[in-house]
Structures are given as structure tokens and as C-alpha cells.
Amino acid sequence: MTEITNTKNVDLIIHNVHLMTMDEDLEQAYGLRVNSAVAINNGKITWLGNSNDIEQFTANSIVDGQDQYLSPGLIDCHTHLVFAGSRANEFEQRLNGVSYEEISRQGGGILSTVNATRAASEDTLYQFAKQRTSALINEGVTTLEIKSGYGLDLATERKMLRVARKLPTELACNVQTTFLGAHALPAEFKGKADEYIDLICDEMLPAIAQEELADAVDGFCEGIGFSPEQMQKVFDKARELNLPVKLHAEQLSDLSGAELVANYQGLSADHLEYLSEQSIKAMRDSNTVAVLLPGAFYTLSETKRPPIDQLRKHGVDIAIGSDFNPGSSPICSLKLMLHMACTLFKLTPEEAIAGITRNAAKALGLKTKGTIQVGQDADLCLWNISQPAELAYTFGVNPLTHVWLAGKQSI
């Protein structure tokens with residue numbers, strides 16, 4: 001059905017395209033509408049219809065898509081890309097048989113990145129982050145989430161979040177920021193985890209909220225991270241400050257962290273290799289998105305996959321993130337995650353693409369992104385492919401031809 005607005009004068013028409021609308025209400029796979037066109041005005045999609053019907057509009061610009069595929073802009077809903085330092089030595093250690101947990105207990109892992117990030121200037125962090133974000137943009141990412149969590153003190157956490165907030169002022173992207181103070185226990189609080197949680201709740205979180213540096217609050221609920229009881233204190237404070245929550249959960253063991261975040265109507269639970277059916281049901285009931293991170297699974301040579309069939313059975317939305325970070329997922333490519341989600345986790349290409357568009361938007365609480373529908377933001381990617389599954393099928397080539405952010409061409 002053609003949807004028409006009263007606006008006949010528009011900024012942009014893109015026609016002669018096959019629309020991967022990712023609209024879950026359409027029966028066709030990928031919400032596909034062939035031989036179609038979109039009209040864009042003031043950064044919003046105002047009309048979808050047949051290419052033959054565009055004569056009704058007067059447009060400032062008309063783009064012939066040349067029979068290519070138009071998708072929503074890609075969304076990376078889980079990254080840690082603001083950091084300094086390298087952990088290639090730990091990569092080598094793991095290949096020599098040292099576990100991720102043992103590296104962490106030896107003072108490596110997250111804490112080694114914390115030391116480097118604390119020492120780095122804000123400008124140094126920005127230049128690193130700008131380079132990494134540009135790599136994602138060049139693959140079609142128009143929105144990404146960036147977490148703090150490599151400061152573990154207020155000054156450095158602020159510094160990281162300011163860097164993340166600055167990126168859209170120079171780069172064509174949208175950025176959602178997440179405060180991840182409960183990422184690891186800083187060295188100065190060794191043996192005093194409860195005291196560090198009190199610091200987060202009493203000082204760090206209120207300051208971050210007052211300065212409007214974060215859109216959400218996250219934590220690492222794991223044996224080498226923080227307990228469910230400690231994360232509950234953080235979530236209580238986040239709720240008091242009207243900040244939504246999410247959680248790294250069930251990556252290495254089942255502590256029912258996913259059920260905990262679901263009980264707070266959290267945006268997402270992420271990793272989830274050890275996720276139980278009880279937690280899956282809680283996520284379903286709270287519309288908490290399951291964010292899968294195949295890059296970490298791959299890098300850490302894990303063998304236990306997330307329970308994909310159970311997530312499907314209970315109708316939990318599945319999103320995919322790069323988890324780009326210096327330790328467990330040093331892979332700055334959402335396109336590769338799309339491929340890995342299919343090859344490692346056995347998602348279908350349609351499920352995987354939904355995971356970096358529609359469901360990734362849900363995982364960030366973004367209601368106007370992730371689909372091509374009237375009223376949505378005009379964040380769009382044009383691909384020179386022969387069918388939608390090609391986006392997940394290939395890696396090492398980039399079929400991206402154009403990107404629009406809020407209706408303005410950026411690539």
C-alpha cells in the first residue's frame with residue numbers, strides 16, 4: 001500500500017530501489033518492497049511508494065538508486081571504542097593457554113586499559129575514537145553506542161563520555177552514551193567492591209547524570225565483575241536518576257543478571273552465552289533485547305553458544321553488536337559481526353540484519369530509527385547487492401554506495 005503525506009514539496013526522493021524496510025508488520029522477508037521509492041523532508045521519511053508515483057512530488061534532489069537495495073542505517077548497539085593502549089600481549093597470552101579470567105586476576109584485562117586511558121589526554125582519546133568511529137561509518141553505521149568503563153574514577157569516566165559526545169560534531173553519525181562505571185574493580189579498591197559500588201551510586205552516577213553525559217547505565221555482572229546484589233544498588237540509583245539500564249550478563253556463568261535487568265525493564269542484556277530459560281522469559285515479559293556479541297565469542301575461542309532457539313521460542317528480540325574493545329573483541333567491523341552472527345550463532349541473514357537495524361534500535365531505546373517507515377529518521381544505506389542476504393554472506397568487500405544521515409548524504 002502506498003503511503004502519502006500532504007507534503008508535495010520534499011527535500012529528497014530516492015527511487016528505483018528495493019526497500020529493505022525491516023518493518024516486522026510486513027509479510028515479506030526483510031520487509032522488502034521492490035521497485036520502490038522514498039520521499040524525505042526535514043530529515044524524516046515522509047512517503048513510501050512505487051517509483052512510478054514520484055511525479056506527484058517536487059524535490060530539491062532526486063537520486064536514481066539504479067536497482068540497488070536501500071536499508072535503514074546500520075546500528076552498532078554495543079561498543080567500548082573510547083580507550084587508550086593495546087592488549088595484543090594478552091591476545092598472545094590467550095593463544096599460549098592463559099584464560100581470560102586468569103589474565104584479569106593477574107592485573108591485566110580491563111585494568112591494563114584503565115591505566116592507559118587514565119594517562120591519556122582527552123584529545124588523544126578523541127583522535128583514537130574518531131579513527132575507530134570512521135571505520136564503522138564507512139561500513140554503513142549511522143548510529144552507535146559508546147560505553148565508558150575504562151576510567152573507574154569520576155574524572156576519567158567524564159573524560160571518556162565527553163569524547164563520545166563530541167564525535168557527532170565532526171563525524172556523520174549519531175552516538176548514544178552509556179555510563180559503565182561498574183565495569184571492573186579499580187586497583188585502589190581491591191578487596192573493597194562494596195565501597196566502590198557506593199562511590200558509583202553516591203558520587204559518580206549523580207555527577208554524570210547532572211552533566212547529562214550518559215543516556216543509559218550498564219555494568220558487568222560476573223564472577224570477575226560485580227554481583228547481582230551490587231548491580232541492584234547501581235540500578236536503583238539509575239532509576240532514581242531516570243536513566244535506563246542494561247547489563248553485561250551471563251557471558252562466563254549464569255548469575256541471573258539478565259533476569260535482574262529485565263526486572264528493571266532494562267533496555268538489553270548483552271553476551272548471554274549462559275542464559276537460562278527463566279531469564280529468557282523475564283526478558284520477554286519486559287521487552288528486554290538480547291544483544292549477542294559474536295566478536296567476543298570468537299576472540300575468546302568460546303564454545304558455548306547463546307541459546308538462540310530458546311530466544312526464538314519465547315519471542316525475545318535479538319540484536320547484534322561489535323563489542324569493539326581492546327581485549328575481548330578488538331574487531332572494529334559491524335559487517336563482520338553480521339557474518340559471524342550467521343556462521344557462529346546460526347542466525348538467519350534476516351535475523352542478523354534485523355539485529356543491526358530494527359532490534360539494535362530497540363536495544364538503545366530509539367523509536368525513530370532502525371526501519372524504513374513513514375515518520376522514521378531518514379538514516380539510510382544504499383547497497384550494490386543482488387539480494388539482502390548478500391550483506392551477511394560476504395566479508396572483505398564493501399558494497400556500500402551511499403549513506404544518508406537525517407536525509408543528508410554523508411557517503
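Reader: Which residues lie nearest the centre of the largest cavity, and how many residues line the largest cavity in total?

Author: In this predicted model, the largest cavity is lined by 13 residues, and Tyr100, Ile110, His183, His248 and Ser328 are those that lie nearest its centre. The space in this cavity comes to about 110 Å³, and its lining is made up of four nonpolar, seven polar and two charged residues.

Reader: What makes a space such as the largest cavity a cavity, where another space is called a pocket?

Author: The word cavity is kept for a set of points where a 1.4 Å probe fits but cannot get out, whereas a pocket is an open set. With a volume cut-off of 30 Å³ or more, the count comes to two cavities. The second largest cavity holds about 40 Å³ of space, and its lining includes Pro72, Gly73, Thr142, Lys369 and Asp377. By class, that lining has two nonpolar, five polar and three charged residues.

Reader: Which elements give two or more residues to the lining of the largest pocket, and what is the volume of that pocket?

Author: The volume of the largest pocket is about 510 Å³. Of its 23 lining residues, Ser104, Arg105, Leu111, Leu185 and Ile224 are the closest to the centre. Helix H2 (100-105) and helix H3 (110-119) are the elements that give two or more residues to this lining, and H3 gives the most, with five residues. Sorted by class, the lining has 10 nonpolar, nine polar and four charged residues.

Reader: Where does the second largest pocket get the most of its lining, and which residues are the closest to its centre?

Author: Helix H14 (residues 358-363) gives the most to the lining of the second largest pocket, with three residues. The space in this pocket is about 320 Å³, and of the 20 residues that line it, Arg358, Ala361, Lys362, Leu366 and Lys367 are the closest to its centre. The classes here are five nonpolar, eight polar and seven charged residues.

Reader: Why is the pair of Phe83 and Phe324 called tilted?

Author: Rings pair if their centres lie within 6.5 Å, and planes under 30 degrees apart count as stacked, over 60 as edge-to-face and the rest as tilted. The ring centres of Phe83 and Phe324 are 5.9 Å apart and the planes stand at 45 degrees, so the pair is tilted. Phe83 lies in the loop between strand S5 (74-76) and helix H1 (88-95), and Phe324 in the loop between strand S12 (318-320) and helix H12 (334-343), so the pair ties together parts that are 241 residues apart in sequence. Both Phe83 and Phe324 are buried, and ring pairs link Phe83, Tyr150 and Phe324 into a cluster.

Reader: How do you know that the charged end of Lys166 sits over the ring of Tyr126?

Author: For a lysine, NZ must be within 6 Å of the ring centre and within 35 degrees of the ring normal. The charged end of Lys166 is 4.3 Å from the centre of the Tyr126 ring and sits over that ring. Lys192 likewise lies over the face of Phe189, at 5.8 Å from the ring centre.

Reader: What makes H12 mostly covered, and which residue caps its N-terminal end?

Author: Eight of the 10 residues of H12 are buried, among them Leu334, Lys335, Met340 and Cys342. The cap at the N-terminal end of H12 is Ser333, where a side-chain oxygen lies 3.0 Å from the backbone nitrogen of Leu336.

Reader: Why does Thr178 count as buried?

Author: Buried means under 20% relative accessible area, and Thr178, at 1% relative accessibility, therefore counts as buried. Thr178 lies in strand S7 (residues 174-182). The side chain of Thr178 also makes a polar contact with the side chain of Glu145, at 2.7 Å, where the limit for such a contact is 3.5 Å.

Reader: Where are His271 and Leu272 found, and are they buried or exposed?

Author: His271 is found in strand S10 (residues 268-271), while Leu272 lies in the loop between S10 and helix H9 (277-286). His271 has a relative accessible area of 2% and is therefore buried, and Leu272, with a relative accessible area of 0%, is buried as well. Phi of His271 is near 95 degrees, a positive value in a residue other than glycine, and Leu272, which is not a glycine, has a positive phi of about 75 degrees.

Methods:
Residues numbered from 1 in each chain as written. Predicted model: local features only at pLDDT ≥ 70, side-chain atom pairs only at ≥ 80, totals over all residues. Heavy atoms only, no water. Phe/Tyr/Trp six-rings, centres within 6.5 Å; stacked < 30°, edge-to-face > 60°. Helix = DSSP H or I, 4+ residues; strand = E, 2+ residues; numbered from the N terminus. Buried < 20%, exposed > 50% of the residue type's maximum accessible area, 1.4 Å probe, protein only. 1 Å grid on protein atoms, 1.4 Å probe; cavity = no way out; pocket = protein on both sides within 12 Å on 5 of 7 lines; lining within 4 Å. Points joined across faces, edges and corners; volume = space filled by probe spheres on them. Nonpolar A, V, L, I, M, F, W, Y, C, P; charged D, E, K, R; others polar. Polar contact = N/O pair within 3.5 Å; in protein donor to acceptor, adjacent residues only side chain to side chain.
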